[in-house]
Amino acid sequence: MMDNVSVITMLTLSGLGGIGNYRVTLFALTLLCYCVIWLVNMTIIVTVIVDKNLHEPMYIFLCNLCINALYGTAGFYPKFLSDLLSHTHVISYAGCLLQGFVLHSSLTADLSLLALMAYDRYVAICRPLVYHSVMTKQKVCVFVFLAWFFPLFMLFCSTITTSMSRLCGSHIPKIYCVNWLVSRIACAASIASIAVPAFNYTFYIGHLLFIGWSYANLIRTCLTSREGRTKFMHTCLPHFICLVTFAVCVLFDLLYMRFSSSDLSESVQNFMAIEFIVIPPIMNPLMYGLKLTKVRNSITQFMLLNVFKCTQT
């Protein structure tokens, strides 16, 4: 029996069993959504890189947040688009682990970058006199490096421990792969496959507690003056809205994955599963691009300049 379970190399994704005649329509809408994600995120990335006035910690963190959105969605949309046009929804075991790694590491990198942005706003508003000594270019580079390194390293360790498990099944009840669902079809759970994810969850719960602490101090400081309230509304509110959106989408997915009910229709289940891959990647750049004055002015100026050049030629 153990010899049989060791040869499973292909897994079946069962979330798209009932799309029927809506296959082409869903493909067109999904492709449009992916194009919008690329457009809005690349607009912010290019704007921050080109405009030297935006080479400040908050905008550098925002640029990395948009890069991470493109990285995370690349782990879902190409495969999902392919599945929409196919009648068989399968993925190799290696491809499943890779997809789970990309999606998980993107989520955790998002949380790390949001924690950095919360810390940046905390220092800027609560400790303005030391802001430039704390947020130096060298320290910002270190912060960004760590915000990418820890998620990639920790999820690499988690993926390795998952890959060492023997599989006793090949059915993934979702439209994409995640490590937790792969571990559920393993023949037996190893200590490492339990300990590593538990450590990762604890580590990022610490991020959430830190973000909560930062915002508690921010709100308390901003309530003491009109200038503080204005600064909070202009620079912290977009971040706070994006943070809440991210948290709600991820919690929806986690709760559904662990407490999913057969009473829910497949469409509702799929929507709950893809919220965090659809809403934050679109909402974050739009929220920051519209709300942050310097970003909005830079984008407008860049577009007007290019329109003027086109009319001149």
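Buried means under 20% relative accessible area, exposed means over 50%, and partly exposed is in between, using a 1.4 Å probe and protein chains only. Keep that scale at hand for the exercises below.

The model is predicted, so local features need pLDDT of at least 70 and side-chain atom pairs count only at pLDDT 80 or more, while totals for chains, interfaces and linings use all residues. Residues are numbered from 1 along each chain as its sequence is written, and side-chain values use heavy atoms, with hydrogens and water left out.

**Exercise 1. Place H55 on the scale and find its partner across the chain.**

Step 1. Locate the residue: H55 sits in the loop between α2 (23-50) and α3. Helices here are DSSP runs (H or I, at least four residues), numbered from the N terminus.

Step 2. Apply the scale: H55 has a relative accessible area of 41%, so H55 is partly exposed.

Step 3. Look across the fold: H55 and K137 are 82 residues apart along the chain, and their C-alpha atoms are separated by 9.5 Å.

**Exercise 2. Describe how helix α3 packs against α5 and against α7.**

Step 1. Recall what to report: two packed helices are described by the angle between their axes and the distance between the axes. The axes are lines fitted to C-alpha atoms, for helices over the stretch in contact, and angles run from 0 to 180 degrees between N-to-C directions.

Step 2. Take the pair α3 (residues 57-74) and α5 (residues 93-126): the angle is about 170° and the axes are 9 Å apart.

Step 3. Classify the angle: under 35 degrees counts as roughly parallel, over 145 as roughly antiparallel, 65 to 115 as roughly perpendicular and the rest as oblique. Therefore α3 and α5 are roughly antiparallel to each other.

Step 4. Add the handedness: a crossing is left-handed if the near helix is turned anticlockwise from the far one by less than a right angle, and right-handed if clockwise. The crossing of α3 and α5 is left-handed.

Step 5. Repeat for α7: α3 and α7 pack at about 25°, with axes 10 Å apart. These two helices, α3 and α7, are therefore roughly parallel, and α3 passes α7 in a right-handed crossing.

**Exercise 3. Now do the same for α5 and α9, and add a residue from each helix.**

Step 1. The axes of α5 and α9 come within 9 Å and cross at roughly 25°.

Step 2. So α5 and α9 are roughly parallel to each other, and their crossing is left-handed.

Step 3. In helix α9 (residues 191-222) you will find I205. With 46% relative accessibility, I205 is partly exposed. The C-alpha atoms of I205 and L111 are separated by 9.8 Å, although the two residues are 94 apart along the chain.

Step 4. In α5 you will find S112, which is buried at a relative accessible area of 7%. S112 and A147 are 35 residues apart along the chain, with 5.2 Å between their C-alpha atoms.

**Exercise 4. Which salt bridges does the model hold, and how covered are their residues?**

Step 1. Start from the idea: side chains of opposite charge can pair when their charged atoms come close.

Step 2. Apply the rule (a side-chain nitrogen of Lys or Arg within 4 Å of a carboxyl oxygen of Asp or Glu). The count comes to two salt bridges.

Step 3. One joins D83 and K79, with the closest N and O atoms 3.0 Å apart. D83 and K79 are four residues apart in helix α4 (residues 77-84), so about one helical turn separates them. D83 is buried at 2%, whereas K79 is partly exposed at 22%.

Step 4. Another joins D120 and R121, at 2.8 Å from N to O. D120 is buried with a relative accessible area of 0%, and R121 counts as buried at 9%.
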